[in-house]
Amino acid sequence: LERHLNTLHTRAQVLISLAGIVVTVTGFSGRIIAGTNLPAQILIISGLAIVLISAVFVTRKVMKVKWVTTDIQEDSIETLEIIIIRRNQKTKAFYTGGVILSVGLFLYCAAISIMLLNP
């Protein structure tokens, strides 16, 4: 079960890294994309905001550190149940964070597409 939690943590780092890439790209080309027209401005700002919301969500819900040893109970079955519940909650949060990130990336890519269609 501890490896399951480690896997979720590693995958959450990937989502946060993707969000970081979006912020970096915005720093280099955000002004050019936003300079295309109003829809591109709305899409890039919305996309960036949603991507950042995803990063914060994943950081708070999945990356939060809680040692497995803090869940140890007298009854080993109860201990396993507690850890499995936590794992399932983090899995659900990871999935939700991925969906939020995907929406943000979609809006961001739509803004880039508008820029490319209006040279």
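Here are some short exercises on charges, burial and surface patches, each with a worked solution.

Before you start, note that this is a predicted model, in which local features need pLDDT of at least 70, side-chain atom pairs count only at pLDDT 80 or more, and totals for chains, interfaces and linings use all residues. Residues are numbered from 1 along each chain as its sequence is written, and side-chain values use heavy atoms, with hydrogens and water left out.

**Exercise 1. Salt bridges**

Find how many salt bridges the whole structure has, and which residues they link.

Step 1. Start with the rule: a salt bridge is a side-chain nitrogen of Lys or Arg within 4 Å of a carboxyl oxygen of Asp or Glu.

Step 2. Searching the whole structure with this rule gives two salt bridges.

Step 3. In one of them, Lys66 pairs with Asp71, and their closest N and O atoms are 3.1 Å apart.

Step 4. Asp71 also meets Arg86, at 2.4 Å from N to O. This pair links distant parts of the chain, 15 residues apart: Asp71 is in the loop between helix H2 (38-61) and H3, while Arg86 is in helix H3. Helices here are DSSP runs (H or I, at least four residues), numbered from the N terminus.

Step 5. Put the pairs together, and Lys66, Asp71 and Arg86 form a network of salt bridges.

**Exercise 2. Buried or exposed?**

Sort Lys66, Asp71 and Arg86 into buried, partly exposed or exposed.

Step 1. Recall the cut-offs: buried means under 20% relative accessible area, exposed means over 50%, and partly exposed is in between (1.4 Å probe, protein chains only).

Step 2. Lys66 has 43% relative accessibility, so Lys66 is partly exposed.

Step 3. Asp71 has a relative accessible area of 3%, so Asp71 is buried.

Step 4. Arg86 comes out at 10%, so Arg86 is buried too.

**Exercise 3. A buried lysine**

Work out how far Lys90 is from the nearest side chain of opposite charge.

Step 1. Place Lys90 in helix H3.

Step 2. Assign the charges: Lys and Arg count as positive and Asp and Glu as negative, while His and the chain ends are not counted.

Step 3. The nearest side chain of opposite charge is Asp71, 9.3 Å away, and Lys90 is buried without a salt bridge.

Step 4. Now look at the surroundings. Leaving aside neighbours within four places in sequence, Lys90 is in contact (heavy atoms within 4.5 Å) with Leu5, Leu8, Lys61, Val62 and Lys64.

**Exercise 4. Surface patches**

Find which residues form the negative patch and which form the nonpolar patch.

Step 1. Patches are made of residues with over 30% relative accessible area and no salt bridge; like charges are joined within 9 Å, and nonpolar side chains (Val, Leu, Ile, Met, Phe, Trp, Tyr) within 5 Å. The place of a charge is taken as NZ of Lys, CZ of Arg, CG of Asp or CD of Glu.

Step 2. The negative patch consists of Glu74, Asp75, Glu78 and Glu81. Glu81 sits in helix H3 (residues 76-117) and is partly exposed at 47%.

Step 3. The nonpolar patch consists of Leu1, Ile77, Leu80 and Ile84, with about 310 Å² of accessible area together (Shrake-Rupley method, 1.4 Å probe; for residues, only the protein chains shown count as cover). Ile77 also lies in helix H3, and its 49% makes Ile77 partly exposed.

Definitions and conventions
Helix = DSSP H or I, 4+ residues; strand = E, 2+ residues; numbered from the N terminus.
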